[in-house]
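Please look over the sequence and the structure shown here. The paragraphs after them go through charged pairs, annotated segments and a few single residues.

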Amino acid sequence: MTATTKSFPYEDPENNFNTDVINNDNDDGNIPSNQANYLENLEAEYNQYKYSEFEPINSNNHYNNNGSISNNIQNFSTNVEPHVSKLNDINYEKINNKKFQNTIIFKNNYNNQVIPEYNEALVTEEEYFNHALKNYFTLKSVGDYIKSLFPIIHWLPHYNFVWLSQDLIAGITVGCVLVPQSMSYAQLATLPPQYGLYSSFIGAFIYSLFATSKDVCIGPVAVMSLETAKVIAKVSEKYPDGSIDAAVIASTLALLCGIISLGIGLLRLGFLVELISLNAVAGFMTGSALNIISGQVPSLMGYSKKVNTRESTYRVIIKSLKRLPDTKLDAIFGLIPMFILYFWKWWCNSMGLKLIDKYYSKNSKQYYFWKKFYFYAQACRNAFVIIVFTAISWRITHGKPSNDRPIQILGEVPSGLHNITTIKVPDGLMKNIAPELPASIIVLLLEHIAIAKSFGRVNDYKIVPDQELVAIGVTNLIGTVFHAYPATGSFSRSALKAKCNVKTPLSGIFSGTCVIIAIYCLTGAFCYIPKATLSGVIIHAVSDLVATYTTTWNFYKMNPTDFVCFLVTVFITVFSSIENGIYFAVCWSCAILLYKVAFPSGQFLGRVEIAEVINANIIPNDSVTISSDEISEEDEKQEDFNGTKKPRKFSKTKIYEKNSTSFSTGSMDNLFSKKIIYHTKWVPIDHKYTKELNGELQILPPPPGVIVYRLNDSYTYINCSKHYDTIFDKVKKVTRPGKLLHHKRKSDRPWNNPGEWEAPRFLSKLFKGNKNYTNDLENNSLQNSETKRDERPLLKIVCLDFSQVSQVDATAIQSLIDLRKAINTYADRQVEFHFTGIISPWIKRSLNKFGFGDVNETYSDESIISGHVSYHLAKVPNDLESGYEVRAATGTNLPFFHIDIPDFNKWVL
């Protein structure tokens with residue numbers, strides 16, 4: 001008997017064209033049923049695909065007489081002379097100038113589409129070093145780095161008398177505020193008042209030499225003082241014998257904060273501060289301000305010893321309210337000064353200015369005088385209140401022992417600077433402080449950088465965060481010699497300096513001088529300052545840190561998630577602790593950043609024709625439908641030298657108004673003064689949510705067999721799996737598999753795609769007597785035996801828009817390789833992978849090293865791009881008259897890399 005043979009070609013997963021031959025050598029000449037069914041299914045599959053395999057997508061494709069697709073792509077060589085015969089339709093000039101050698105200048109329109117060759121080389125490690133690193137390894141860069149550590153050398157040679165006068169006024173004004181505030185904040189840090197003065201003058205002196213901000217004032221601040229008090233309390237618990245003094249703990253904390261800040265600044269790692277968002281900073285600042293205010297109420301009312309102010313804010317508030325019956329005379333020295341301060345602020349900032357505007361002309365001398373008067377009166381309000389109530393306190397407490405004093409006063413303040421020497425840290429103290437160090441560092445750095453950036457934006461100058469960290473580090477390191485505790489930028493004093501029209505950071509010298517004068521000359525008077533008055537000053541100063549309703553609502557308008565972060569941070573700070581609020585703010589900022597990277601919002605793109613219209617007349621209709629019935633055939637056929645249609649010239653056109661039954665006929669020139677040129681723009685198909693363009697526009701999908709996908713972030717190990725699943729799921733949804741083998745036997749079906757459930761045969765025997773059931777089984781079996789036609793197209797092209805991808809890594813490239821393999825296996829063919837808008841040469845290098853971008857036998861041979869090789873040209877003017885230079889925009893050796901998404905609708909696929 002002769003062998004029965006059935007064969008037909010197909011594509012295997014590796015894209016090698018083989019012949020599947022099934023032989024049957026039965027003696028009886030009959031084909032076994034299992035092989036007959038197999039051949040039947042293969043035949044059905046072949047019949048379905050043989051006509052659609054090379055079916056063109058674009059109806060405008062041109063074919064030769066023999067039915068094959070015409071190919072008008074010509075090989076072009078930059079050496080033109082041997083190929084003159086091939087370019088008969090082109091008028092060109094070969095340029096002898098060395099600058100324009102191997103370049104063709106096209107003068108007229110031409111029919112043949114040719115482009116100059118450009119072989120793009122991949123980036124090398126040497127190029128990267130020369131481009132990005134070489135400048136950092138020169139003597140000049142070392143000198144620039146050293147000079148950047150001392151910004152004063154850039155502006156000090158230009159110092160003049162006008163700057164000196166403005167800095168002197170600003171420095172003295174800030175000094176008058178700095179003295180009482182520093183003693184108040186030292187009380188907040190549970191330290192004697194002189195330590196606040198020590199921190200104030202050394203911060204003002206040192207910061208002037210290293211600052212890049214003219215407005216920031218370094219010294220004790222409320223939030224850092226509160227954090228210092230918490231560190232002192234927690235570390236003191238580990239020394240129950242009291243062997244470690246609170247001042248030593250505070251100075252050691254300043255030493256550690258200074259070392260870390262200086263290290264971060266010298267290594268130029270200031271960008272780490274940017275990981276914490278503005279709303280997170282505002283959240284813990286507001287929560288800390290509420291904590292400070294609630295903690296000062298017991299001292300304000302005179303029963304501070306009966307309330308533990310180191311507990312959570314809500315507990316302090318509850319206990320303070322319970323202790324109201326224990327209020328003492330101190331309340332008069334606290335509430336009245338606080339009321340005077342708020343009234344004074346309101347009058348000088350609001351009511352007084354309104355009266356000036358009402359009764360005086362803005363050009364008069366009186367107007368100028370009262371403006372200045374209210375400004376300096378506003379700056380001196382703290383000093384005035386403390387002087388007045390200190391005098392009253394001296395009158396009622398002078399000469400009385402501490403037990404007989406009707407109010408609590410500050411007590412003795414040593415005069416002058418004592419024990420100026422390097423700090424001696426007891427053994428084990430740094431180890432005990434270390435657990436509390438992260439929160440202190442975050443508060444120290446964030447508050448300062450946020451304030452410096454804020455005033456830099458307002459007053460139009462740029463600060464250098466790395467150098468600001470160096471300034472903070474050096475200030476706190478040198479401050480330990482004078483037993484200072486951690487100091488950072490103060491918002492209230494910085495705002496005062498800015499309003500004084502300060503010119504340079506040198507104003508800090510004058511502020512520090514005011515503090516030294518106070519240390520040597522006024523300490524005797526400081527002894528009688530009421531503690532309740534200092535608490536009132538603290539509450540008044542700290543209340544400015546509480547975010548206003550406008551700020552809170554702006555967070556919601558900018559981003560609802562930032563609004564949630566702000567509120568949650570405030571609640572954690574109030575109901576737990578400042579440290580937990582800080583840690584939550586940091587974790588939230590990092591989590592949001594990680595979430596956006598790990599769950600990218602990649603988008604599938606469609607196409608729309610858009611045009612730019614300049615100086616257009618806006619009509620009150622939502623849309624206008626233009627009938628092209630009256631467009632002349634001559635205009636319709638006009639094409640430019642690239643084969644694309646020229647702008648249509650409308651003569652008289654019917655214009656239909658949306659939602660209207662009437663229409664008008666008129667000249668198109670009445671609507672558009674210039675010709676409109678439309679081009680293809682690729683936009684998200686789901687554009688109604690993204691608002692990238694008019695939501696009522698209908699987006700055309702890519703041609704059948706083409707998928708265009710935009711990656712909206714870096715393509716890295718965090719998100720590559722997400723992109724893989726998104727793209728491959730889309731491929732399986734909109735395209736059909738390359739092989740459609742119908743498996744009748746259940747054992748032949750893959751476990752992950754078994755198809756519809758079918759009843760076992762024993763059930764059919766069990767219900768054999770039921771004719772209806774038997775008929776249903778037969779009908780289902782007949783229906784399943786017929787191979788249904790899948791109308792979905794074959795996948796031809798996957799285009800990935802990399803215009804927003806700044807970096808890739810090894811995991812992402814491997815994921816892309818796996819995606820290519822899976823897609824080729826699914827489509828049973830080589831699928832074209834096109835990339836557009838690659839902005840990094842290293843991304844292009846990584847892709848090309850693994851078979852993307854160029855023509856190769858393994859993944860993308862010449863057969864799959866036959867008839868639709870796409871390149872982009874760039875046209876620029878040259879030195880010749882009435883000529884221009886045409887060059888390839890991207891490498892002709894990398895036809896799968898494009899500068900923009902191609903117009904796939906014009907391709908012959």
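Asp-544 has a relative accessibility of 35%, so this residue counts as partly exposed. The model is a predicted one, and Asp-544 is a useful place to begin reading it. Its partner in a salt bridge is Lys-345, with 2.7 Å between the closest N and O atoms. The two residues come from distant parts of the chain: Asp-544 belongs to the loop between α20 (531-542) and α21 (549-558), while Lys-345 sits in helix α11 (residues 330-359), and 199 residues separate them. Lys-345 has a relative accessible area of 21% and is partly exposed as well. The lower limit for that class is 20%.

A second salt bridge joins the side chains of Glu-692 and Arg-710, at 3.6 Å from N to O. Glu-692 is in the loop between α25 (687-690) and β12 (706-710), and Arg-710 is in strand β12, so the bridge ties together parts that lie 18 residues apart in sequence. How exposed or buried is each partner? Glu-692 is partly exposed at 37% relative accessible area, whereas Arg-710 is buried at 9%.

Two further examples can be added. Lys-906 and Asp-903 meet through their side chains in a salt bridge of 3.8 Å, N to O. Lys-140, Asp-144 and Lys-147 are linked in a network of salt bridges. The count for the model comes to 15 salt bridges.

A charged side chain can also be without such a partner. Arg-820, in helix α29 (residues 810-827), is buried and has no salt bridge. Which side chain of opposite charge is nearest to Arg-820? The answer is Asp-854, at a distance of 7.6 Å. A salt bridge requires the nitrogen and the carboxyl oxygen to be within 4 Å, so this pair does not qualify. With neighbours within four places in sequence left aside, the residues in contact with Arg-820 are Phe-833, Phe-850, Gly-851, Phe-852 and Tyr-859.

Next come segments named in a record. An unreviewed UniProt entry places the feature "transmembrane region" at residues 246-264, 271-293, 331-352, 373-396, 468-486, 506-529 and 563-586. Two of these spans can be set side by side in the model. Residues 331-352 are 100% helix and 0% strand, and the C-alpha atoms at the ends of the span lie 29 Å apart. Residues 563-586 are 92% helix and 0% strand, with end C-alpha atoms 15 Å apart.

Tyr-368 is found in helix α12 (residues 365-379). Its relative accessibility is 55%, so Tyr-368 counts as exposed. Tyr-368 and Ile-356 are twelve residues apart in sequence, and their C-alpha atoms are 9.4 Å apart in space.

Finally, two loop residues have a backbone angle to check. Which sign does phi take at Thr-190? The value is positive, near 60°, in a residue other than glycine. Thr-190 lies in the loop between α5 (161-188) and α6 (193-210), and its relative accessibility of 36% makes it partly exposed. Asp-460 also has a positive phi, near 65°, and is likewise a residue other than glycine. Asp-460 is located in the loop between α15 (437-458) and α16 (465-479). At 73% relative accessibility, Asp-460 counts as exposed.

Note on methods: Residues numbered from 1 in each chain as written. Predicted model: local features only at pLDDT ≥ 70, side-chain atom pairs only at ≥ 80, totals over all residues. Heavy atoms only, no water. Helix = DSSP H or I, 4+ residues; strand = E, 2+ residues; numbered from the N terminus. Buried < 20%, exposed > 50% of the residue type's maximum accessible area, 1.4 Å probe, protein only. UniProt positions renumbered as here; feature names shortened; annotations may be inferred. Lys, Arg positive; Asp, Glu negative; His and termini not counted. Contact = heavy atoms within 4.5 Å.
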